[in-house]
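Here's a quick tour of the structure below, from the cysteines to a helix pair and a handful of individual residues. Have the viewer open as you read.

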Amino acid sequence: MFRGNEGHRQTALFSTVQHLPRGVKKMLDSSWAPPFRRLILEKIDERRYAELYSPLKSRPNFPVNIWVGLEIIKGLFDYTDLELLEQFHFNLLTSYALGQENLGEVSICEQTLYYNRERLLEYEERTGRNLLEQEFKAITDEALDQLPIDPHTQRMDSSFLGSFIKQMSRLELIVKVLQNFYHDLPPAEQTRWAASLAEYVDEEARHISYRLKRAEVEEHLKQLGVLLFQLHQAYALDEAISSLVSYEHVGRVLKEQFSLVEEAGQTTIVLKPSSEISATSLQNPADDEATFRRKNSESHKGYLLNVTETCSPENPVQLLTDICVYQNIASDDAILAERLPEIKERTGVKEMIVDANFTSETSEAVGDEQGVSIVPTQVKGRHLSQERLSLTDFRFEGHRIISCPAGHSPLEQIDKAQKSSAYCSLCQRAVQ
């Protein structure tokens, strides 16, 4: 049953905080805890989460604003769950930031964190609403209204976000998908397939790949393709089994790793060459949304984190205004084109500073439409040596060169500027 928490709005007559020595209380007041309590905890809209709990009369929920605040603090300080719980129970700063003035007023266990996270994910899957994302935007928008922050100049950047998955070989991946599905089958169905699958389900997937010679791997991949096809066909009409996530993974691997060739009424399972495997293919059944991308000769499995923040030098602090996660195959310019209209509507941004990869005809067209200047910090292409001259070192007016990096005007403009020998012969950069 949902119940709101107003305890943080009441001041206790006798509390640890009230009886701190004056100097210690002054240190607390100048710490991160009071602003967090005032600008975040007190702004959390607990009613937003009411649908996560039963409408029937039952045991009340753990205070939502404390739980959401804990999730924010976990990210803020990069705590593990164990460290987070220790900080809440034994650190007065953390406890005060979350509305408590005595240690031990409220306690929470790991299971409560896990259950609430599970509720959030189930709710988002059912409704398409990400409640924490909505909370972030609401708190940010109110902070922009209350704090002396200029949101007109912002910057956007992205970074690869690794997935907490083990990097699997192709053979290991396919064996693991088969094993997961086999273990999800009812006992009677496991018995039905036990003899056919014994070679692949009696030991860990990684052990199978270790004991095979390179020349043997391809033959086992082909054999696995046949087994996966048989399993997929056997349960295609079984509503209960075909709704399993592990069954979906079987179908996905068949589609991504093999070609099904129909000939004379027979289906032949053909292993695809590695070069034909898409970057969006399943990387690990433990995280089926992670994708693969190679950039600057480095391999990345996981996601792309895109962040936007205010960046005016006059701001006393800078605020994150937009956070989103994409598959890591998404292009920066497509992300900018998608996110810019909402950021403009919420914050009134007028200038967006980005890396060159965010610029394209599409993103610049969206910028023009929204009245936002897209300002790249560099030009696309290879990086130029800092020690060599480039056209960016010269001052132009239209297509005319006004001056060289040393500030001297060219003697004549034809198709290119000619050096002024009087100055250029003495310039140390001329030899470059």
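## Cysteines and disulfides

Let's start with Cys 324, which is buried, since its relative accessibility is 9% and the cut-off for buried is under 20%. Cys 404 sits just on the other side of that line: with a relative accessible area of 21%, it is partly exposed. This is a predicted model, by the way.

How many disulfides does the structure hold? The count is 0. As a reminder, a disulfide is a covalent bond between the sulfur atoms of two cysteines.

## The chain as a whole

The protein chain has 16 helices and 10 strands. Of its 432 residues, 37% count as buried. The chain exposes about 26,000 Å², and carbon and sulfur atoms supply 51% of that area.

Now for contacts along the sequence. If you take those in the protein chain with a separation of 6 or more, 63% come from residues 24 or more positions apart.

## Helices α3 and α6

Two packed helices are described by the angle between their axes and the distance between the axes. For helix α3 (residues 64-77) and helix α6 (residues 110-127), the axes come within 11 Å and cross at roughly 95°. That angle falls in the 65 to 115 degree range, so α3 is roughly perpendicular to α6.

Which residues make the contact? On the α3 side they are Trp 67, Glu 71 and Lys 74, while α6 brings Leu 113, Asn 116, Arg 117 and Leu 120. By type, the contact of α3 with α6 splits into 3 nonpolar, 1 polar and 3 charged residues.

## Asp 78, in the loop after α3

Have a look at Asp 78, found in the loop between α3 and α4 (81-90). Its phi is near 55°, a positive value in a residue other than glycine.

Is Asp 78 buried or exposed? Its relative accessible area is 66%, so Asp 78 is exposed.

## Two residues of α11

Helix α11 covers residues 214-234, and Glu 218 lies in it. Glu 218 is partly exposed, at 45% relative accessible area. Its C-alpha atom is separated by 8.3 Å from that of Leu 271, and the two residues are 53 apart along the chain.

Ala 234 is found in α11 too. With a relative accessible area of 34%, Ala 234 is partly exposed. Setting aside neighbours within four places in sequence, Ala 234 is in contact with Arg 192 and Trp 193.

## Lys 344 in α14

Next up is Lys 344, in helix α14 (residues 332-347). Its relative accessible area is 22%, so Lys 344 counts as partly exposed.

What does Lys 344 touch, leaving aside its neighbours within four places in sequence? The partners are Val 349, Gln 370, Gly 371 and Val 372. Take Val 372: it is 28 residues from Lys 344 in sequence and 7.9 Å away in space, C-alpha to C-alpha.

## Ser 403 in β10

Finally, a strand residue: Ser 403 lies in β10 (residues 400-403). Ser 403 counts as buried, with 10% relative accessibility. Beyond its neighbours within four places in sequence, Ser 403 is in contact with Phe 394, Arg 395, His 408 and Ser 409.

Definitions and conventions
Residues numbered from 1 in each chain as written. Predicted model: local features only at pLDDT ≥ 70, side-chain atom pairs only at ≥ 80, totals over all residues. Heavy atoms only, no water. Axes fitted to C-alpha atoms, helices over the stretch in contact; angles between N-to-C directions. Helix = DSSP H or I, 4+ residues; strand = E, 2+ residues; numbered from the N terminus. Parallel < 35°, antiparallel > 145°, perpendicular 65-115°, else oblique. Contact = heavy atoms within 4.5 Å. Nonpolar A, V, L, I, M, F, W, Y, C, P; charged D, E, K, R; others polar. Disulfide = S-S within 2.5 Å. Buried < 20%, exposed > 50% of the residue type's maximum accessible area, 1.4 Å probe, protein only. Areas by Shrake-Rupley, 256 points an atom, 1.4 Å probe, with all protein chains shown as cover.
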